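Colleague: I am new to this structure and would like a close look at a single part, namely the salt bridges and whatever surrounds them. Could you take me through that slowly, in one connected account?

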Amino acid sequence: MKRETLFLKAAVFLIGLPILALCIFGLPQIANEAAEHFPAYWLYPLLTVMYASAIPFFVALAQAFRLLSYIDKNNAFSERSVSALKIIKYCAITISILYAAGMPLVYLIAEEDDAPGLIVLGMVIVFASIVVAVFAAVLQKLLRNAIDIKSENDLTV
């Protein structure tokens, strides 16, 4: 493993740990406490959105780790890298759509509990996912152009 991407691989791994801990320990505890105050038909769909969004999150982290491995192997300018960025983009869009779909439920809970910060937190997740998707799309386009230029230069020689 090269030292250049070791820090980034560790960061990707450390980003996943708190979310995994939240899915295993945090969300069930939050659900138990919230079940005493809110109806189940509000909580279950919201918990489903949260658990469902964990799947594309971990897929995107795995693709980021794979992309860093391609960089280690000097295969950064390859179709596999473009494919990894494409998957990251779609995962970010999926997370954004899931949380945007769950925002009406967050609004109901925030209105009942008088906690407008929940709505802000939900919107931060939606917009952060959109930013990641746009960034991945831009990188995908730049990488595609670099691959085209590289293959054109290879043919000229």
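Modeller: Two salt bridges are found in this structure, which is a predicted model, and each of them can be followed from its side chains outwards. One joins Asp-72 to Lys-9, with 2.8 Å between the closest N and O atoms. Because Asp-72 belongs to helix α2 and Lys-9 to helix α1, this pair ties together parts that are 63 residues apart in sequence. As for how far these two partners are covered, Asp-72 has a relative accessibility of 11% and so counts as buried, the limit being under 20%, and Lys-9, at 7% relative accessibility, counts as buried by that limit too.

Lys-9 has a further contact, since it also lies over the face of Phe-65, at 5.2 Å from the ring centre.

The other salt bridge is formed by the side chains of Arg-144 and Glu-79, at 2.6 Å from N to O. Here, too, distant parts of the chain are linked, with Arg-144 in helix α4 and Glu-79 in helix α3, 65 residues apart. Arg-144 has a relative accessibility of 29% and therefore counts as partly exposed, and Glu-79, with 43%, is likewise placed in the partly exposed class.

The four helices named so far also meet in another feature, the largest pocket, because α1 (3–35), α2 (40–72), α3 (79–113) and α4 (117–156) each supply at least two residues of its lining. This pocket has a volume of about 1400 Å³, and its lining is made up of 49 residues, with Ile-19, Phe-57, Ile-95, Ile-125 and Ser-129 lying nearest the centre. Helix α2, which holds Asp-72, gives the largest share of that lining, 13 residues. Sorted by class, the lining residues are 42 nonpolar, five polar and two charged.

Phe-57, one of the residues nearest the pocket centre, leads to a last detail, the aromatic pairs, of which the count comes to one. The rings of Phe-57 and Phe-58 have their centres 5.4 Å apart and their planes at 75°, and the pair is therefore edge-to-face, as planes over 60 degrees apart are counted in that way. Phe-57 has a relative accessibility of 22% and so counts as partly exposed, and Phe-58, at 29%, is also counted as partly exposed.

Note on methods. Residues are numbered from 1 along each chain as its sequence is written. This is a predicted model: local features need pLDDT of at least 70, side-chain atom pairs count only at pLDDT 80 or more; totals for chains, interfaces and linings use all residues. Side-chain values use heavy atoms; hydrogens and water are left out. Rings of Phe, Tyr and Trp (its six-membered ring) pair if their centres lie within 6.5 Å; planes under 30 degrees apart count as stacked, over 60 as edge-to-face and the rest as tilted. Buried means under 20% relative accessible area, exposed over 50%, partly exposed in between (1.4 Å probe, protein chains only). A charge sits over a ring if NZ of Lys or CZ of Arg is within 6 Å of the ring centre and within 35 degrees of the ring normal. On a 1 Å grid over the protein atoms alone, a cavity is a set of points where a 1.4 Å probe fits but cannot get out, and a pocket is an open set with protein on both sides within 12 Å along at least five of seven lines; lining residues have an atom within 4 Å of a point. Grid points are joined across faces, edges and corners, and a volume is the space filled by probe spheres set on the points. Ala, Val, Leu, Ile, Met, Phe, Trp, Tyr, Cys and Pro count as nonpolar, Asp, Glu, Lys and Arg as charged, and the others, Gly among them, as polar. A salt bridge is a side-chain nitrogen of Lys or Arg within 4 Å of a carboxyl oxygen of Asp or Glu.
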